[in-house]
Each structure stands twice: as C-alpha cells, then as structure tokens.
Protein chains: 2
Amino acid sequence: MRHRTSVPSRAGAPPPVPTARRSRTHLRVTSVGSVTTALLTDQYELTMVDAALKDGTADRRCVFEVFSRRLPDGRRYGVAAGLGRFLTALTEFRFGDDEIGFLRDRNVIDEGTARWLADYRFTGDVRAYREGEVFFPNSPVLQVEGTFAEAVVLETLALSVFNADSAIAGAAARMVSAADGRPLAEMGSRRTGEWNAVAAARAAYIAGFGATSNLEAGRTWGIPTMGTAAHAFTLLHDSEEAAFRSQLDALGDGTTLLVDTYDIEAAVETAVRLTDGRLGAVRIDSGDLPSVVASVRAQLDRLGATATKITVTNDLDEYTIAALRAAPVDSYGVGTSVVSGSGHPAAGMVFKLVAHQTPSGDEWVPVAKKSADKASTGGRKEAGRRLRNGIATAEVVLTSGRVGPDERPLLVPVVEHGEVDPAFLGVAGVEAARAHHERAKAELPADASRIGRGDPAIPTLVI
Amino acid sequence: MRHRTSVPSRAGAPPPVPTARRSRTHLRVTSVGSVTTALLTDQYELTMVDAALKDGTADRRCVFEVFSRRLPDGRRYGVAAGLGRFLTALTEFRFGDDEIGFLRDRNVIDEGTARWLADYRFTGDVRAYREGEVFFPNSPVLQVEGTFAEAVVLETLALSVFNADSAIAGAAARMVSAADGRPLAEMGSRRTGEWNAVAAARAAYIAGFGATSNLEAGRTWGIPTMGTAAHAFTLLHDSEEAAFRSQLDALGDGTTLLVDTYDIEAAVETAVRLTDGRLGAVRIDSGDLPSVVASVRAQLDRLGATATKITVTNDLDEYTIAALRAAPVDSYGVGTSVVSGSGHPAAGMVFKLVAHQTPSGDEWVPVAKKSADKASTGGRKEAGRRLRNGIATAEVVLTSGRVGPDERPLLVPVVEHGEVDPAFLGVAGVEAARAHHERAKAELPADASRIGRGDPAIPTLVI
C-alpha cells in the first residue's frame, strides 16, 4: 500500500506539526490518542475503506474536488475560508489505539483495516483556492489527490471546515461592504457552538472584520479582541453611576460605556460628566437604532463630547448595517447573523470523486454521478479568473488544458507528498488570507457588493 | 474572596473530573494549560471581573438565568439541550499559565485578576431544566448562583452550548414528529463545524433520532452510528456491479446499497440479483422522492425483495419528511436541516443577571434591564409545568413562592457547591435526557406536534 511503506509507523515519533509562533490550533497534537480529528468522520468513509482494501481498489490514485453547485440564494459571490484550519486538522488526523478500539468494538472495520488506519498518514497532494479567495458555482476550491483510501477519509473533515467557515466569511464580506469603511467587530460567540465560535471569529476577520470578542480566537489566531461590559455589570452595582465609575477606574476614560440599561439620555449625561467629555465611546444595544443614534450623537455634541464615538450592537445584519449608513455610527458589533452565515449557515460545498487512475496506473478516468438533480462534471479541473483591466469577467473552470494568459490561476499547491506548506497555517496564514481576500474582492465588478439579491457577479465557464 | 479560600490553589492537584465509562468528552482535561474551555469566553466578561475585583463587587452573590424571550417564529415548543456538555465544559474551565499570559499580554486583566483567574474554580450552585425538557418563552432553563465574578465568566460558554444544542434538538424533535414512528438518522456532519457536528449528533439523538453518521459522537456519547457507502465508491469501481459486489463481500447482504449513481432501475435490479433478494436496504439520495420511492418499492416487490427496505437522504427537513408520510419509506437520513436548526441555527437564549445580594449579604435585590425592546423580569425564578390529566396546560414561572401541587417542578439541582452531579454527564446523561425528552413531549397537547406554524403550545404565566 502506497503510504504504508513511505511513512514511519505509529510506533515512531509523531510527525512534526508545522507551527508558527502564537499559531497553535485550539486542539493541539500532543500524541496519538490524546486529541485527534480522526473520528470527525462519517462512518461510511471507513466502511468504504474497509471494502476497498479487500477488493484491491484502495490504492487506486484518485482526485476528489470540493465545490458548490450554487451560491446561497441571491448571493453574488462566495468566500473560501477554512483552508488553514483544514490543513492543521489534517496533521492531527491520526488513529490511535482508542479510536481503533472503538471502530473494532462497533464492527465498523476489520483487523486489516485497523492496521491500515494505525499507520495512516496522508501522503498525497492538495491544491486549493487561497484562503479568502472569492468563489462561484462549480469553483474547485479544494482538490485532493491521493489513493482512494487516504483521500476518501478526509471528506467529512474537509467539508465540515469549509462549509462552516465559508458560510461565515461569505456573510461577513457582505457586512463589510454594507459598513462602507466603518469598522466591524464579531461578537457572536454566544450564538454558535463553543468551538465554532473560534472558527467564526477567524472567518469574519479574514473577510474584513476588525476584531472579535472571542478570547480563544485572539490567542489561537492572533485576532484583535475587544469588549468592555454587559448590562449585568450595571445591574450589579447600586447605581449606574457607580458601575460607570468602576469601569472608568479599571479601563480608563478611553473605554466604551454601555448606556442603555435604564435610560439612555441619563446614562449619556452621566458618562460625559464622569469623564469631562473625554469618554472613548458609548455602546447602544437596543431600540430603533437610526433614531436613537442620531439623538445620542446630538446629545454628546451638545455636551462637548464631540470625540466620543458611538458603537451599536443590536441584532445587526448586512441589511440593518446598510440602513445605518446615514446615521452617525462609528462602528458595529455583529453577533448572530455573522456566525450563522446570515440565513445560510452552510456553504453548500460537496466533496466529489472526479477522476481515478486505471488499475495499471497509466491513465486517468474522469467520473461523475449522472443521476437526477446532482449531476457534476468529471475530470481534474484547472481554474482561473479571467480579468479585463484588472476586473473579473468570468470564472473559468477547465477540464483539460491550462489557465490562459488573461486568467489569474486560482489553484495553488498547499500539500505536497503529505507535507503541509506552513505559509497557510497559524497567524501568518490568517493574515495572508485577510490580505488576499481584500485583493480578490477588489477585482470583482463594482455591483458585486450590492446587498440586494442577484445572480453570481461573474459567470462560471466550465470548458 | 469566597472561592479563593475554599478551593485548593492551582499548585495543587487538578480536581477530579466526573466521568462515566465511555463517557469522555471530546476535549479531555489532561492538565491545566493543555485543553481548556476558559477562553471560549467573550472579553467583556473578564474586563467586568477585573473592574469588579477592584471595586469590591466581585464577591456579591448573584443569580444569573438563561432563557429565551421567544421561540423561533412559528415553533410551538423548544427543547433544552446541552446541559451535559455544559457541565463537562465547566469542569474544564481552568486558566493556566498560557491563558493568563495571553490575557496579560493583551492587557485584558491586571496582575490581581491574573491571580484570581489562576485559582478559578466554580464553587456555586446550578439548577436547570433536565436535558431534553421542552421549554417555552421565558422558561428559566439554567440558573447559576455564585459570586458575580465566578458566575459572570460562564456566560459565553453556557450560551454557546445551550443555543447551539437547543437549536438542533428543537428542529430534530419536529422531524421526529413528522416521521411518525419511522427511524431517523442524523448525517449532517459535513454541513456544520467539525466539533459542532459531534454536539449536533448528540442533540438530535436526545430529541429522538436513532443514530448518527458521526463516529466521534459514537465514541464520546455512545450514540449508535451508521453508514455504508457514498457515490464515490461506485464511481471508483469499473462498474456499479463491481462496487456492489465489493460492498456486499465486506458488509454482507444486510447492508444498504446506494442505487442512484447512474440509473436507479438498473441499480435496483443488480442489487437484488446479487443478493438473491436478501438485500437489507437501498438508499436513494436524489430525485423527486415520493415518485422515485414508489417505483423502487414496486420494483423491489416485483423482484421478490419484499423485505428490502428503502432509506432516503436527499436534503430532507420536517416538511419533506411529512410529505413522504404516504410513501413506502422505511427510514430517513437528515443532514443540513437538522444540524442548522432548520432555519433557526441559534435558540435565542440569553444569560441575564436577575438578582444580587446587598453588600451586607442579608437581602436579595431583583434586577432587570429596563430599556426598550429587551426588558426582562428580575428575581430568582421557580418554574413548573401545570398539568391537567397528564397534559400540559401552562408553563408557570414564579418570581416568588413555590411550584404548586398541580405543577411538575422543572428546575433540578445539577451543581452544588461546585460539585457537578455525575448523573447528568457522559453516556448515561445522554440516555437519561433522551428518555426525559420523550416523557416531556408526551405531556404536550396533541396539536403541539403539528409541523405548521403556530403559537407556543402552552402559555407562559410569569407570576
């Protein structure tokens, strides 16, 4: 078996995990059997491996691709996110005694498959759209080449990461457009699963958010963190003024005071008085924001606190953010809608076998499901973004041949012979993704950023 | 400070983590600084602790409650899920050197708060709705009593777990009703974050699903797992017949063959022929299911495979499941819609301070935010479900007094003086939750299970 002979056995030292300073993933590899991503897997992947090992097809070299058949209804582009997390999880994809014991107990695999899993190391190649890249229907955002068995077991892990992270990045990018240059903070941790929250903060940051409330995202991915106080802090104290004094003493006049626990006008008056007008910002978390913000701005100015900023955080999404364009808002905090993909919590990506080698290994056979509503295009793809004067005019997906001279190549190598390129990992990977996203978005036609529903901003040409 | 003197310092041995056999959480506590849930926290919780430690309010005894102001639009009841996961995460909520170093580097906390966090152990009391219990607007599903500082830091962790898990359980319960006794399997791991997937499988199982495709959910929570093969397995082989033969050899005639890769009729014919009519089941993953299922059933019967079952898995939700009631479907596999809460990916729960003691500690002060659209009711609650002839007629939420004789008490102690009751943890906790859910749902009025939109099945009386 190809990768049983080319990698050290499980008895050897675990392979080095590529890391950058302060770039730990939240699930650190300590040793096989401690924390592993190997069972974040649908059972059918292992029953397929089991059957393929028995019938001799397990070693057939295959290409799998991840793509979306369509964008969420009305969206004009997607944002590919999750690559750095997927590659980290790939290095943690190890079957220890505990995992194998469970699979044997449940009779999912036989003894031969158990031995194969114990030695599992991905030894193939992966190409991908850079993290932060925009994508369109049928864009091959991830392409995995390896033996059938070593590649098929990655389906669930790849899709879980890409579907969740891309859903969030796609929604976040629209909010960034709607905010029109004003800063956005992600603060939706309380509205999604506790580890999803960390990934959500990361995806939103890649799509242009400036900060997160989530501390683990700050630690793991180097994202700026923010946050000062909740209503509970005011309610705890014997008066709002006592709460404000306490916060100002601890955090300084530059802090943000939450002014809507009782009466906003009274709170603003107190806040300005306690800081002699030097208060950093006020936060408003309820009410009809356009009118409330306007009256708070007028009050702050009247009281001389002209430099005090206003941040709003009341169940915002891209539509309510856009509706506040004319209001004197200085920044936005967004929760539920960004972490849940603003109505589309999964990006709709699938992981499909598109080609396999013949048994002799000297020819590639393109394959595709033919039935009913889920037909796809077989064969290994190339992909390029066709540009005219720096503006995208088409997504070109090729089933043969190469990307042309007017097309920016979209697939880059990220894993070669099982070795993950560390440039895509950790904090450095996140920063590179954020920068790449800004460049890729800038190439889109101007109307791609409109918030209303529309068709994909450019057509996908499958050639 | 109350709990600095009453618990061992960080230099001592870590406290025992309650576990049941085969009931590990996916994130195991190995030691402080290894895997911790402590930074799954919004920054403002720690800045509040920092300020409260300085001003002397940190030790005020407080009650926080988790509740939803309303159910998702048109839903008739909610399902409280996540308690067992929250309690496990609570035992892992420890600040090690690494976490504290990060918080100091980012200037979130000062040296005094760093020392306080290093000693952090929750020493308070928690009461909760049993996991699997149904809930209504303003049901106090979780009630945390402790010092302000030790309780406020749990907001994000509690809400992340309860909002995500309850969203899934609430959707899953409706699907169970729609399936009307036919078994359901959760197979949505690929459509949600990789660790969310494990929690989703657990929540769906509590709400009455029978199995999951997710292996980690099988290992961690003891849930039955299922799955045989994807389209890739058929596409890998040189013919559909070769793929079927391989799967039958590996898994036996009782397996489920996926019959819609090419032509369903031809696939069914092959499948029956290869098994002499003893095939366990066929799976259909595309097409117009009511008509496809009817014709496959007729074909199977014609070929003598009258015992062969039919399972369907094509983007189902409670509505398409209900629409298949008249079709000869034997079981359902549900993906995207269940893991994303069928349109409502977060349950809308909030974590609010409802009472604190006076500085002297001899009196409770009920508190509540007063402003605009987010007002709530102060004071520690009791809650009971009013029953008449065993059928629920009202959710009674009391701000004073006790649950009456016709009311089933809903809040049960789950943590006392920091000690988690192990009955709610691990595999045993999941099984108890599943059983409790069935009982609680059976108490609802008959029309609570209708799939169409409606008001909450019973009114909430806040008295």
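Which residues are buried in H12(B)? This predicted model gives a clear list: B:Ile264, B:Ala267, B:Val268, B:Thr270, B:Ala271, B:Val272, B:Leu274 and B:Thr275.

## Helix H12 of chain B

Let us stay with this helix for a moment. Helix H12 of chain B runs over residues 264-275, 12 residues in total. From its first C-alpha to its last it reaches 17 Å, close to the 16 Å expected at 1.5 Å a residue.

What lies over the buried residues of H12(B)? The cover includes helix H11 (240-251), strand E8 (256-258), E9 and helix H13 (289-302), which belong to chain B. Right after H12(B) comes B:Asp276, and the phi of B:Asp276 is positive, near 50 degrees.

## The second largest pocket

Next comes an open space. The second largest pocket has a volume of about 510 Å³. It is lined by 29 residues, and those closest to its centre are B:Met226, B:Gly227, B:Thr228, B:Thr256 and B:Thr311.

Which elements help to build the lining of this pocket? Chain A brings helix H2 (43-55), while chain B brings strand E6 (184-186), strand E9 (281-284), strand E10 (309-312) and strand E11 (331-334); each of these supplies at least two residues. By residue type, the lining of the second largest pocket holds 11 nonpolar, 13 polar and five charged residues. Strand E9 of chain B is worth remembering here, since E9 is listed in the cover of the buried residues of H12(B) and also helps to line this pocket.

## Enclosed cavities

How many cavities of 30 Å³ or more does a search of the whole structure find? There are 15. In the largest cavity there is about 180 Å³ of space. Its lining is made of 18 residues, and A:Thr192, A:Asn196, A:Pro345, B:Thr192 and B:Asn196 are the closest to the centre.

Both chains take part: helix H7 (155-179) of chain A and helix H7 (155-179) of chain B each supply at least two lining residues of the largest cavity. The lining divides into eight nonpolar, eight polar and two charged residues.

## Two residues in the H7 helices

Here is one residue from each H7 helix, beginning with chain A. A:Ala164 lies in helix H7 of chain A and counts as buried because its relative accessible area is 6%, below the 20% cut-off. Beyond its sequence neighbours up to four places away, A:Ala164 touches A:Leu159, A:Pro345, B:Thr192 and B:Gly193. Among these, A:Pro345 and B:Thr192 also appear with the residues closest to the centre of the largest cavity. In sequence A:Ala164 and A:Ser189 are 25 residues apart, and their C-alpha atoms are 14 Å apart in space.

In chain B, helix H7 holds B:Ser160. Is B:Ser160 buried or exposed? B:Ser160 is buried, with a relative accessible area of 1%. Setting aside neighbours within four places in sequence, its contacts are A:Ser189, A:Arg190, A:Thr192, A:Gly193 and A:Glu194. B:Trp195 stands 35 residues from B:Ser160 along the chain, with 13 Å between the two C-alpha atoms.

## An arginine in strand E3

B:Arg127 sits in strand E3 (residues 125-129) of chain B. It counts as partly exposed because its relative accessibility is 21%, and buried would require a value under 20%. Apart from residues up to four places away in sequence, B:Arg127 touches B:Val141, B:Leu142, B:Gln143, B:Lys381, B:Glu382, B:Leu411, B:Val412, B:Pro413 and B:Val414. As for B:Ala266, it is 139 residues from B:Arg127 in sequence and 58 Å away in space, C-alpha to C-alpha.

## Two loop residues with positive phi

B:Asn389 is found in the loop between strand E14 (382-388) and strand E15 (391-398) of chain B. Its phi is positive, about 50 degrees, although B:Asn389 is not a glycine. With 78% relative accessibility, B:Asn389 counts as exposed.

B:His417 lies in the loop between strand E17 (411-416) and strand E18 (419-420) of chain B. Another residue other than glycine, B:His417 has a positive phi near 50 degrees. B:His417 is exposed, with a relative accessible area of 59%.

## Cysteines

How many disulfides does a search of the whole structure find? Over all chains, the search finds zero. A:Cys62 is buried at 0% relative accessibility, and B:Cys62 is buried with a relative accessible area of 0%.

Definitions and conventions:
Residues numbered from 1 in each chain as written. Chains lettered and ligands numbered in written order. Predicted model: local features only at pLDDT ≥ 70, side-chain atom pairs only at ≥ 80, totals over all residues. Heavy atoms only, no water. Disulfide = S-S within 2.5 Å. Buried < 20%, exposed > 50% of the residue type's maximum accessible area, 1.4 Å probe, protein only. 1 Å grid on protein atoms, 1.4 Å probe; cavity = no way out; pocket = protein on both sides within 12 Å on 5 of 7 lines; lining within 4 Å. Points joined across faces, edges and corners; volume = space filled by probe spheres on them. Helix = DSSP H or I, 4+ residues; strand = E, 2+ residues; numbered from the N terminus. Nonpolar A, V, L, I, M, F, W, Y, C, P; charged D, E, K, R; others polar. Expected span 1.5 Å × (residues − 1). Contact = heavy atoms within 4.5 Å.
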